[in-house]
Structure formats: C-alpha cells, structure tokens
Amino acid sequence: MMKRRDFITIVGGAAAWPVAARAQLGERTRRIGILTQGAASDPETAARVTAFVQGLQEAGWSVGRNARIEYRWGTGDSALIRKYATELIALSPDVILAAGGAVMRPLLDATSTVPIVFDALDPVAAGFVESLARPGGNATGFTQFEFSLSGKWLELLKQIAPRITRVAVLRDPTNAASMAQFSSIQAVASPLGVELFPVDLRNPGAIERGIGAFARGVNDGLILTQSPPSDLNRNLIITLAARHKLPAVYAFRYFVTAGGLISYGPDRVDVYRRAAGYVDRILKGEKPADLPVQAPTKYETVINLKTAKTLGLDVPSIVLGRADEVIE
C-alpha cells in the first residue's frame, strides 16, 4: 500500500510546479490533466495516480521543469465528474488521463480533439474507440481484463471453498461489461455444480437488500463483477460478505487488502505506470488514433488468510501455491 506521505509529497509538490516552470527559460511546460472517478483520500486511487506521475518522471517529464499536472477528483459523483471534465478541457491541456471508465463519457462529450488516455473495461462497447487495434479518435489507453477471465473467479471460489453450491453474483444490469462478465461466470456454473443468483449492483440499497435476501446457509458464496459501482461500494460489499460469512472473490488486490477473501486479476497500479508511457508518446507527437488499446500484462492472485480464518476456511495448498501475495 502506498504511504500517505509519499502521495502528499507528489501531489502537494504540484502547487509549486507552475512557479518553478516559469523559471526555466526556453522550455515549454506541458499541461497534463488527470480526472479520476475516485477521491484523493482513497488509497487505491492515490496509488494509481502516484504510479502514473512516477512513470512520467521516469520518461523525463520533471516536476517543475517541463510538466504541470491539473488534478480533478470525481469522488464517485457523476455531476461533479461532468463539471470537472468541462473545467479540464477549458484549461487546454496537452493530454488527459481518464482514470476510470466513469469519467470517459463526460470527457468525450466535452472534447473531440484533446488527447485522452483511459483505463476502461470495454472501450469498444462503450463507444470510446472504434476498435482496440485502431482507436480512430482522440482517445486510447488500456482495458482492465478479458471477460473470459471472469469464469476463473467461480473456479477459484470452488477451490477455496469446495462445499459452495449457491453463489450470488453482483452485477450491474445497465453495464454491458458487467453483464459480459456475468455471462462468462454462467458458462462455467453448471459444470461446477453451482446455482447463480444475480444481485443488482447499481446502488448501496440494492446491494444490501440483495445480499441479505440471498445469504441463508453455509454453502453460499459471492462474486463481484467489475463496473463503476463495484469500486464505489467496495467497503460496503466487503462488510456485507463478512457479516453474512460469505466467501467472496474479487477482481483486484485492493479488495483483499481491505478485508476481502481472495482476488484474481490485473495489477491496476502497473496499468497506470504504463499509461504514463502512452502520455509520453502523445506529448512527443504521436496520435491516440495510431496507438492501439492495450491489455494488462501483469496478473496476480492475492489471498487474505485472516479473512479465511474468520470464515472457517482452510485454504488448500494448491491455491496458496499460486498466490502472488498472502496477507497474514
């Protein structure tokens, strides 16, 4: 986990960048916007932004010399995200990092010319790009994972809790990416002898009612598909899984460090470090339309043994052996 003082050092230093940059005669300062769907106080959001800024520094974009960063934190508020998207475009940035799929549509509504580098689940289905190989517009970036990976979550759940026969799947019925993940889980449910129960993920009330109505016995489990509400409601979901003693599988490490049982998916922080490379290439003259959308290259399995013990689970050695990180 990123230390808070490290993040404060990087972000706090941003206030001094414009003054320092003006002292560097003859070198143009490039303006980079960052719009996140999370809050500055959220450790995971802060870790991603820190990795991005560090990646920029490694590429030669130095604090106070040739770069200025404008931060906007959406805090999960759609109205605020739209407001900040308009604000950033008005500043005429050279490029914008769209940190999360929820901020992409407001940015694309605000500009068709400012280059954007995104992190999104399904940018083609969402209409952010024409295709992964040829984005075709002013945006490119990174997908989060292939939806076929979602079936592995159910396989993993059965390995860590073999007696499970009923699984609640939290999904957003209005989100194509979330529903595609649900379909992948459905494809492997019958062979694994599991009955699935869809639970609405769109708001906290629906989540709490759905999990409460589902949980009833010792052979129940839970899987969380990924969409914007997944991150925004992650603390609630982890709390409900613990309250109802539901072994649960998540896509990302930060769910497990917050108390979830197990995760399998890409390293999101690494994606943001790589995103800095795309921003660097755009600042040096390349066009988003010519940069293919990339997939994650680093995947990880993370297990929380404290949570497993609380649930009364004895994690099989085959699962422990595959883990990239075990939280004691």
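Student: Which residue does the side chain of E87 meet in a salt bridge?

Tutor: Keep in mind that this is a predicted model. A salt bridge needs a Lys or Arg side-chain nitrogen within 4 Å of an Asp or Glu carboxyl oxygen. Here the N to O distance is 2.6 Å, and the partner of E87 is K83.

Student: How far apart are E87 and K83 in helix α4?

Tutor: Both belong to helix α4, which covers residues 78–90. They are 4 residues apart, so the separation comes to about one helical turn.

Student: Is D109 buried or exposed?

Tutor: D109 has a salt bridge with R105, with the closest N and O atoms 3.9 Å apart. Its partner R105 is partly exposed at 35% relative accessibility. For D109 the relative accessible area is 58%, and exposed means over 50%. Therefore D109 is exposed.

Student: How many residues apart in sequence are the parts that E208 and R243 tie together?

Tutor: E208 and R243 form a salt bridge, their closest N and O atoms being 3.4 Å apart. E208 sits in helix α8 (residues 204–214) and R243 in helix α10 (residues 234–243), so the pair ties together parts whose separation in sequence is 35 residues.

Student: Which residues do salt bridges with shared partners join into one network?

Tutor: You've already met two of the members, K83 and E87. K83 is partly exposed at 44%, and E87 is partly exposed at 28%. The full network is R31, R68, E70, R72, K83 and E87.

Student: How many salt bridges does a search of the whole structure find?

Tutor: The E87 and K83 pair is one salt bridge, and D109 with R105 is another. Searching the whole structure gives a total of 20.

Terms used: Residues numbered from 1 in each chain as written. Predicted model: local features only at pLDDT ≥ 70, side-chain atom pairs only at ≥ 80, totals over all residues. Heavy atoms only, no water. Helix = DSSP H or I, 4+ residues; strand = E, 2+ residues; numbered from the N terminus. Buried < 20%, exposed > 50% of the residue type's maximum accessible area, 1.4 Å probe, protein only.
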